[in-house]
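User: I'd like to go through this model and ask what stands behind each label. Can you take me through it?

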Amino acid sequence: MSKQYLTTHTIDHAHPTDIFSLSTTASQILSSSGSSSIQVHSTNQPDFPLFQTLDNAHKLGCHHTAISRNEQVAASVGFGGEIKIWAAQDDGRWGERTEIVDGNKAGEIWAIVLSEDGQYLAATSFDGRINVWDNLANGAKIREFETKGSFGMSIDLSVDGRFTASGHENGGIYIFNNDTGRLFHSLPSLVRPVRAVAFSPRGTLLAAAGDSRMIALYDVSSGDQVATLTGHRGWIFSLDWSDTGEYLLSGAFDGKAKVWSIEQRTCVATHTETEKTLWSVKWLPKVGKNEGFATAGANRSISFYREAAGG
Amino acid sequence: MASPHRPANSEVIAKIEAVFENIADSLLNEENPCVPLNDIFIPLRYKKRIAPNGDTPSLLNAESSDNFTKVSFPARGRPKEAWKFTVLVRILDLLHEALCDNVVVSKRNIYYKDPALFKTQLTVDYYVDIIAYTFGVSRLALNVTAAAKGLVAGNFILKRADGTQAYKEADVPHLVDDPHDIQAIDISDVAWILLVEKESTFRMLASSRLHQSSRAGNGMILTAKGYPDISTRSFLHLLSVSLTLDCVPPPIYALTDFDPDGLAIMSTYKHGSFKLSHENVNLNVPSIQWLGIQSRDGLAENGLDEYNGLLRLSARDRKKAADMLEKSEVLQEGGKEEEWRRELQVMLMLNVKAEMEILAEREGGVKGWVEEKLLENGTTLHADEDLLETHQLADMTLGEDNARSLHADDEFLLDTHETPEMSAVGEGSACLQADEDLLEAHDLGTVSHTDEGSPGSYTNENLLDTHQLADMSPAEGDSLSLEWDEEL
């Protein structure tokens, strides 16, 4: 059964150049791009007005952002390899809290994720390592996982904080047990770069995708691949699970965003604003019963979709 | 692509600075530095015959045939020795500048920095090679080329400062002439100029006669085989400058790999070194447009279907991209080349680069792709018939004055104040004297070039043959020369 999503709004020219990353809270969407500033738009008002600009956050541009589930902490990474930690203030604005440099070499730190309460930041690096910093200990590094040395392109943390998953350029996908600090699973390889990994909301499934142009679903406890979602014709750059875990959203090189039913293992909706690359796609909080999502990429705008009523 | 491996600039810079530090130390050790009791000196190492390039032994492996000597100053009673010292200091200073600015210069560029001091090109050639041997590095590591390394193919007529003309055969690639030797270039038959990063692609395009049989009209193709030397940049700058209101220079496009070095090479041609030194003003070609390879060219099909011809960025590539984003003025947010900034960021996002050979897989190959791009970029000629019509119309419009020519930029030719106006005609003894000096330098340059060529590789010999063939212009060249004289 297919689903209908309508384009409800587009923030045109949200950035002067490609938007590389979207992160959302219940009321805001943060977007980062090749420009030095991060934009914060309100999503709980009809025309999604600009709420705040984080000026000159990253001089060389910003390729990844993350927000903790409790919505109190955000993080961003620039092309120069520096990480900034932002704290939500009482009025909803973001203030810069700390910066992590950690002897980093230019551009080595890549994908990031924050723990549920924002205390921990995990990041991948060009040489394949996953580093974890403690934001409450003044940004001290507390852990380092090593893999086979292939560029760590994507990362995610399970909601309960027990597992970290990473995707690598050689197709490798790993799940680490954060309690023991050890490798939990080395999953069957996608062979091509893995540009997105995402845990399902209950942490039972892991989705992974990239240049293989298919989405692999793995059982987290056993490490087995349980499904393959095919249909994208271009490299896949972004994955996001809906809050209930019923649907998976994906964004690809050819500008197509797809919604997949996990139960049916099929694509139930495909949307395209332009044929330009979608670097990031994200679900939005439900309004009533209707689910919605946002997409952004090379066309420099943020597009918002919402499920048609009565679907 | 990256240049061939060579010692880091910093190592060679350190060697040069060590020479000057030793001199300073010697002076400081004197009770009265203004009147030193002992000479200061520069140590040199040499063989009876200069070793050929590429197989330069290091100082630690000094052979028994090596000789060591000191060039002293003030060397009372030996003025030639003092002159040698001054020459060495001047050359070392120029090499130091070239290395710090990461600019490639030719021996001829060095000569024209101070021709009154050096007297002949041979002096510069000799001491540059000795310095390289003393330091145990190749000449390339000093950022010096023996001659302009650029190659050019296309329909144009070149008038030299000594009055001779060269009608360049369109089919054959030629070494770029040193701009100091050029008085004017007739490019009236040229509709576009294409700058190609790689020699292999340049040769393929030249042999396919892109510049003569293209649907985009006749053109010129140029390459400096990677990062450009100053002579090739000067030559391109000369082509891009119009000194008369009725003459519009043809568009200039760049074809590079999709990688940080490709962008850095194009940036050198267009904007100069990252440090925009004063000299860049006379070398930059601000009108250059980037034909490709851009992300939409290299990736559009790969991103959707296959995975052919793409390469992963190395750690060095990623560092270079980040350095460029951070340090290059034109790549700053709001800078002149925001689109280039975006392309570097896309490379980093994808961790992918592509060589221009990726186009060979397409229908029509590299040549077909280039033609399409030239047509897209505003060259309106779509067929030979259109070309003929346009040509005839131009003839009618211009009447007898068919030839468009570019005269050498006087400022550009005059490296020093002492050099008289070369473009003046019948100015008198000063002009004649200058001509004689130039001719002598040219002859010496030719001899030096031949000597350096003989131990070189097959490619070098091939280039030499081509160059000599070009110099021996056929009868048509002579008749053209007569026509030029009449116009003058």
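**Labels and the values behind them**

Analyst: Sure. Let's start with a hairpin: β27(A) and β28(A) form one, with four residues between them, and A:Arg300 in the turn has a positive phi of about 70°. Keep in mind that this is a predicted model.

User: What makes β27 and β28 of chain A a pair?

Analyst: Five bridges join β27 (residues 290–297) to β28(A), and the two run antiparallel. Pairing takes at least two bridges, so the label holds. One of the matched positions is A:Gly292, whose bridge partner in β28(A) is A:Arg306.

User: Which other strand is joined to β28(A), and over how many bridges?

Analyst: That's β1 (residues 5–11) of chain A, which pairs with β28(A) in the antiparallel sense over six bridges. Within β28(A), A:Ile302 is the residue opposite A:Ile11.

User: Why is β28 of chain A called largely enclosed?

Analyst: Buried means under 20% relative accessible area, and six of the six residues in β28 (302–307) are buried, so the strand is largely enclosed by the rest of the structure. Both of its faces are covered. A:Ile302, A:Phe304 and A:Arg306 are buried on one side, while A:Ser303, A:Tyr305 and A:Glu307 are buried on the other.

User: Which strands of the open sheet β6-β7-β8-β9 in chain A stand at the edges, and why are they called that?

Analyst: The sheet has four strands in that order, with antiparallel pairing. Its edges are β6 and β9 (94–100), because each has a single partner strand and so one side of each is left without a neighbour in the sheet. On average, neighbouring strands here are turned by 25° against each other, direction ignored.

User: How do you know that β8 pairs with β9 in chain A?

Analyst: Count the bridges: six of them join β8 (residues 83–88) to β9(A), and the strands run antiparallel. With at least two needed, that counts as a pair. As one example, A:Lys84 has A:Glu99 in β9(A) as its bridge partner.

User: What makes A:Ser125 buried?

Analyst: Its relative accessible area is 2%, and the cut-off is under 20%, so A:Ser125 is buried. A:Ser125 belongs to strand β11 (residues 120–125) of chain A. Setting aside neighbours within four places in sequence, A:Ser125 is in contact with A:Glu108, A:Ile109, A:Phe151 and A:Gly152.

User: Which residues of chain A does UniProt annotate as "repeat: WD"?

Analyst: The unreviewed entry gives residues 109–134, 187–228 and 229–270 of chain A. In the model, the span 109–134 is 0% helix and 65% strand, and its end C-alpha atoms lie 16 Å apart.

User: Why does A:Asn56 count as exposed, while B:Lys225 counts as partly exposed?

Analyst: A:Asn56 is at 57% relative accessibility, and exposed means over 50%, so that label fits. B:Lys225 is at 27%, which puts it between the 20% and 50% limits and therefore makes it partly exposed. A:Asn56 is in the loop between β5 (50–54) and β6 (62–67) of chain A, and B:Lys225 is in the loop between β11 (219–223) and α8 (230–240) of chain B.

User: What is the phi of each of those residues?

Analyst: For A:Asn56, phi is near 50°; for B:Lys225, phi is about 55°. Most residues other than glycine have a negative phi, so positive values of this kind get flagged.

User: Where is there a cis peptide bond in chain B?

Analyst: From B:Gly292 to B:Ile293, with omega near 5°. B:Ile293 lies in the loop between β13 (289–292) and α10 (295–299) of chain B.

User: Why are helices α9 and α11 of chain B called oblique?

Analyst: α9 (residues 260–271) and α11 (residues 315–327) pack at about 40°, with their axes 9 Å apart. Roughly parallel would need an angle under 35 degrees and roughly perpendicular 65 to 115, so α9(B) is oblique to α11(B). The contact involves B:Pro260, B:Asp261, B:Leu263 and B:Ala264 of α9(B), along with B:Arg316, B:Asp317, B:Lys320, B:Ala321 and B:Met324 of α11(B). By type, these residues are five nonpolar, no polar and four charged.

User: How do you know that B:Tyr112 is buried?

Analyst: B:Tyr112 has a relative accessible area of 11%, and under 20% means buried, so the label follows. B:Tyr112 is in helix α3 (residues 107–113) of chain B, and the unreviewed UniProt entry places the feature "active site" at this residue.

Key
Residues are numbered from 1 along each chain as its sequence is written. Chains are lettered from A and ligands numbered from 1 in the order in which they are written. This is a predicted model: local features need pLDDT of at least 70, side-chain atom pairs count only at pLDDT 80 or more; totals for chains, interfaces and linings use all residues. Side-chain values use heavy atoms; hydrogens and water are left out. UniProt positions are given in the numbering used here, feature names are shortened, and annotations may be inferred rather than shown by experiment. Buried means under 20% relative accessible area, exposed over 50%, partly exposed in between (1.4 Å probe, protein chains only). Contact means heavy atoms within 4.5 Å. Axes are lines fitted to C-alpha atoms, for helices over the stretch in contact, and angles run from 0 to 180 degrees between N-to-C directions. Angles under 35 degrees count as roughly parallel, over 145 as roughly antiparallel, 65 to 115 as roughly perpendicular and the rest as oblique. Ala, Val, Leu, Ile, Met, Phe, Trp, Tyr, Cys and Pro count as nonpolar, Asp, Glu, Lys and Arg as charged, and the others, Gly among them, as polar.
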